[in-house]
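Thanks for making time this morning. I would like to walk you through one model, beginning with the ligand and then moving outwards to the way the chain is divided.

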Amino acid sequence: MSRIVYVNGDFVPEEEARISVFDRGFLMSDGIYEVTSVLGGKLVDFPGHAARLERSLNEIAMPMPMEAEALLDLHRDLVARNGIEDGLVYLQVTRGNPQDRDFAFPPEGTPQSVVLFTQSKPGLADGAAARDGISVISVPDIRWGRRDIKTVQLLAPSMAKMAAKAAGADDAWMVEDGAVTEGSSNNAYIVKDGRIVTRQLGSEILAGITRAAVLRFAREAQMTVEERAFTIEEAQEADEAFITSATSFVTPVVQVDGATVGSGQPGPVARRLREIYLEESRKAAL
Ligand code: PDD
């Protein structure tokens, strides 16, 4: 069945959705995106995603296309129109269509392009990855220097994902100057002697909305959190490892570059954090 998508003010069947070939998102990757998960028909962590959207847009000199409240209504509307129970909403805002290709930003007042679509993922919260854990390989982090901005330039992470697939692994952790930055589309963590270690925020990584919630829940549960860079060797010798994102929630990592992490099974810290995150997220979903 065809989806109903949102394009610049209209709800249309996906086959009828149109964006110009001159759109800055298409030609220059000049756009920002957000992915918000949907559980039980409700949006998870929406205020966090809306706040990060505004920050990302601001960092590349673009305004919010609408107030956060209107954006929430739009997300809810699209979820309802497509009957999404479990899945996600993808949102993209670009600098619009300047009618030609030019490196300079289009003149002020050029309308932005705003696109939203849904992806239905029945059973999103109970996949095999959460039950069995995933394997990751390390790849060099070849992305640009402002990874804190959630832009649509996703070629490097796509290549990282393909390198993982080619190696028979599930995902890739990117490494810069000897330390893990983050996963191809998630934040990376290890657990050693009861301490949860994840890279500190900065321009090298995206400030995950799931990361913020999970670290808050971990601290509330009296777990120790260390925000610092760690190496692949440390991950291989850790008791546990895991990733977080809007689409994976908290997912255990049981193998790093071929080495088994801990027991090779999802560990108690990752399992507990996933449980708490899902429970609290469902309660607070909008
Ligand atoms: N990716 N780091 C990177 C590079 C990401 O692309 C993502 C999210 C995260 C986790 O952020 P959050 O917890 O807010 O989802 C970290 C989304 C899910 C995607 O690109 O599909």
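**The ligand and the domain interface**

Let me start at the ligand, which has 19 residues around it, and of these Y33, E182, I209, T210 and A246 come nearest. Please keep in mind throughout that this is a predicted model.

Which polar side-chain atoms approach the ligand's oxygen atoms? For Y33, an N or O atom in the side chain is 2.6 Å from an oxygen atom of the ligand, and for T210 a polar side-chain atom lies 2.6 Å from a ligand oxygen. R52 also takes part, with a polar side-chain atom 2.8 Å from an oxygen atom of the ligand.

R52 has a further partner, since its side chain meets that of E34 in a salt bridge, with 2.8 Å from N to O. E34 lies in strand β3 and R52 in helix α2, so this pair ties together parts that are 18 residues apart in sequence. As a general reminder, side chains of opposite charge can pair when their charged atoms come close. Over the model, the count comes to 22 salt bridges.

Now to the division of the chain, where the domain assignment gives domain 1, residues 4–124, and domain 2, residues 128–284. Their centres, taken over C-alpha atoms, are separated by 26 Å, and the contact takes 22 residues from domain 1 and 22 residues from domain 2.

How much area do domain 1 and domain 2 bury between them? The value is about 1900 Å², with 62% of it on carbon and sulfur atoms. On the domain 1 side, Y33 and R52, which we have already met at the ligand, join L39 in supplying 32% of the area that domain 1 buries against domain 2, more than any other three residues.

Turning to the polar side of this interface, two salt bridges are counted between domain 1 and domain 2, and eight residue pairs are found in polar contact across it. Elsewhere in the list of charged pairs, R146 forms a salt bridge with E59, whose closest N and O atoms are 2.8 Å apart.

Which elements give two or more residues to the side of domain 1 that touches domain 2? They are β3 (31–39), α2 (46–59) and β5 (87–94), and the largest share, seven residues, comes from β3. By residue class, that side of domain 1 divides into nine nonpolar, eight polar and five charged residues.

Definitions and conventions:
Residues are numbered from 1 along each chain as its sequence is written. This is a predicted model: local features need pLDDT of at least 70, side-chain atom pairs count only at pLDDT 80 or more; totals for chains, interfaces and linings use all residues. Side-chain values use heavy atoms; hydrogens and water are left out. Domain bounds come from an automatic or database domain assignment. Contact means heavy atoms within 4.5 Å. Buried area is the accessible area (1.4 Å probe) that two parts lose on being put together, summed over both. A salt bridge is a side-chain nitrogen of Lys or Arg within 4 Å of a carboxyl oxygen of Asp or Glu. A polar contact is a pair of N or O atoms within 3.5 Å; within protein, one must be able to donate a hydrogen and the other to accept it, and residues adjacent in sequence count only if both atoms are side-chain atoms. Helices (H or I, at least four residues) and strands (E, at least two) are DSSP runs, numbered from the N terminus. Ala, Val, Leu, Ile, Met, Phe, Trp, Tyr, Cys and Pro count as nonpolar, Asp, Glu, Lys and Arg as charged, and the others, Gly among them, as polar. A residue is near a molecule or strand if one of its heavy atoms lies within 4 Å of it.
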